[in-house]
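Please look through the structure below with this briefing beside you. It takes up the nonpolar cores, then one helix, then some backbone angles.

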Amino acid sequence: MAKWVYSFSAGRSEGSAAMRELLGGKGANLAEMAALGLPVPPGFTITTEVCAYFYANGRTLPADLGPQVEAAMEEMGRVAGHAFDDPKWPLLVSVRSGARASMPGMMDTVLNLGLNDETVEALAAYSSDARFAWDCYRRFVEMYSSVVLGVEHHIFEEALEEFKDSRGLALDTQLSDDHWRIVVQQFKAIVEANAGIAFPQDPREQLWGAIKAVFSSWMNHRAIIYRHLHNIPESWGTAVNVQAMVFGNMDSNSATGVAFTRNPSTGVKELYGEYLLNSQGEDVVAGLRTPQPLTEVASRASPGEKISLEATMPKVFAEFAKVADRLERHYRDMQDMEFTIERGNLWMLQTRSGKRTARAALKLAVDMANEGLLTREQALLRVEPTSFDQLLHPTIDPAARRDVLVTGLPASPGAAFGEIVFSPEEAAALAASGRKVILVRTETSPEDIHGMHAAEGILTARGGMTSHAAVVARGMGKPCVTGAGALRIDYDEQCFTVAGERFAKGDKLTIDGSAGHVIAGEVKMQRPELTGEFAVLMGWADKVRRLKVRANAETPSDARAARRFGAEGIGLARTEHMFFEGERIVAVREMILADDAEGRKAALAKLLPIQREDFKHLFEIMAGLPVTIRLLDPPLHEFLPHTESELAAVARAMGADPVKLRRRALQLSEFNPMLGFRGVRLAVVFPEIVDMQARAIFEAAIEASLSTGEPAQLEIMAPLVFARAELDLVQARVDAMARLVEDETGIRPKYHIGTMIELPRAALRAGEIAPSADFFSFGTNDLTQTTLGISRDDSGSFLGAYIEKGLLPHDPFVSIDQEGVGELVALGCQRARAARPDITLGVCGEHGGDPASLAFFEKIGIDYVSCSPFRVPIARLAAAQAALGGKSDETA
């Protein structure tokens, strides 16, 4: 018989942290904490294999699951000292999700399960607090009906607000037990009216309803979006955790809280978190009330009157601090913990590796290595390379004037500017049209995730540093300010007021997630410097990695950025990108539209000094490092004149008849320019273009070498070849020009010549082409297009559907198609090295900055990758992780 259920209680556990694939992150860590003897309420985990069965069998559960759950419930009751359906002292439980990867707030939870019209009176007697018992019952009816029975949450909230208004009450805390009795009856009537059934009174019926609902929530809309954004496979599924309830809302000596062992925004080693007295756990995470700080240090640093847990319950705080330190040392990572205090007793409800900003991840990794918790290699594996994008987000210029409207909590660092929107749907729609927006909400919920992803930043009136908005924004790298309590948001009027000022939808706003500031209008921003821990970690990465990392750059600003980010040369300088401005494009059009070689040479003579100066700048900036210059590769449609004014400008420059030029332009127009007259084909038909570019390159290299004292490491690359004869033709022209420049200057340029492999035939015939090439650079952008038969520019209308339906695992232009395009690259490498063992092999498509693709390139022995300058840090770390064999012992 399959084992579907694993039990845990303090000092005893059937599972462990190593079983997260089976038990999910939450279940595995509950089992681990229990095994460590920490105060964990007893419970059990239903495995992810049941989730797989559930979806494979029409959302039904295995027949033999029932007896295993019953046995686990009996064991839980034995440990707790009272039974699940005991009418005199009922064991109440929580039912929660728990996927292998943390998905905060994306799936459903049910608390206080087991309450009914009879057991609520028993809970009142046990707690000596009827108000507490009926408040729990009210919460349970609302949560269970929303999650399991499908009754909209807002219906209950509106009914509660109407009830309070009818009694002249403003706060939930003002309601007595008699009030809650009435509210519960109203809620049960809402259930009958909307679900068509009476609210279930049988605790076991409640339990199985909740278990099925949590499994079903794996496929809810917000969970699907979150998995898509974070590349979490649908096949992983979720576990279900059933655990004895402990009550943070039992009395004034009870509380609930969320904490991190270090600051998740900065990485500083300090206990960081919040708590609420006399509250249940969802109150903190949901952001419905603004909580209090854990520590006295945080209390003193907070605006207003804040009372810390350290001051309120010093003994419990000291116990919690010891548990937090033990968990961090045990897992060797920053922990994100949930806890409840019931009548002065501490209970640990969850621990997991905490989500963190890129800056915090860097500091954590470096500090923990220096503290001896991690080796340097383990530290490298703890930082997600793509998180470095966060470090490149703008921050507000320190010299800029700040007219701060309101200060909230600095929930996620970085600054953002945009126009105000109040709904996630509008945020997504405006962002899709290219507009920058700030999403303003009273508080966010998991339903808002698509709008949060689309927005530049998030601002909420309620919620704390560990609210949904804060946690999700940090994970996305989005600036976020929460708890800006002075905001008065009116969704109906689409506006908010603060400090006597009114701001409507469409008005401009700047938020500073590092300081918690909300500022009217746009404020000058700057990019941060990559120093400190970044430099340390990159130094460790550079010692470990084998793959070299170059940059795609053809302008001086890009080249300087590439050097600043640690690029080891330029792997792709696209010469055609140098011509899209001013008089340059007119000269290029002259060259293209010329009738004969003499006309082309006249146009090329205008381009020669421009090209020479451009190349000289690149060689000087990259002194001592390789620079790979790709010969002209323009799809002609990008350069042909399209308007009458553009045609007239070319005609004036050439002294030609516009009618004749229009006719020539029509002759050169193509149905499929990406596979047309471009790349090496230009060199075959118009060899004088190669002559001009080779002369400009050699003369620039000589000038730069004389000015810097460093010989230029020059590489010339022919694009879009499919046969060795094409490369040989280009090489002959380049060699001839090198001899000519030597005759004129007395200096022999040193250079390597190679080609881009971006056509399937070139990859297949790599062994034939290699003897003529010093290097290959696989142009994986075009190789993907020509292998899959998909135009990158036109794929947006259908690629999303392919990914959603599982026909493709990911966008093949973002992460390489290893089975198809990757096999061609691997085959090309094998055949090239067999024919020429000393050949250098690189990749210069955008895949060069994708961590998953780099792991593949490491495996097949690529020598270097080249990517955009701002992805160079990502590639350096990803290359180190690839050399180390990938991710290590993650624990949450």
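In this predicted model, where local features need pLDDT of at least 70, side-chain atom pairs count only at pLDDT 80 or more, while totals for chains, interfaces and linings use all residues. Residues are numbered from 1 along each chain as its sequence is written, and side-chain values use heavy atoms, with hydrogens and water left out.

**Nonpolar cores**
- The largest nonpolar core (a set of buried Ala, Val, Leu, Ile, Met, Phe, Trp, Tyr and Cys residues joined through side-chain atoms within 4.5 Å) has 101 residues, and those with the most contacts inside it are Phe619, Phe698, Phe776 and Ile862.
- Helix H27 (residues 687–708) gives this core its largest share, eleven residues; helices are DSSP runs of H or I with at least four residues, strands are runs of E with at least two, and both are numbered from the N terminus.
- A second, separate core has 86 residues, including Val151 and Ala427.

**Helix H14**
- Ten of the 13 residues of H14 are buried, so this helix is largely enclosed by the rest of the structure; buried means under 20% relative accessible area, exposed over 50%, and partly exposed in between (1.4 Å probe, protein chains only).
- Among the buried residues of H14 are Leu362, Asp367 and Met368.

**Positive phi angles**
- Gln494, which is not a glycine, has a positive phi of about 55°, and it is found in the loop between strands S19 and S20.
- Ala499 has a phi near 50° and is exposed, with a relative accessible area of 66%.
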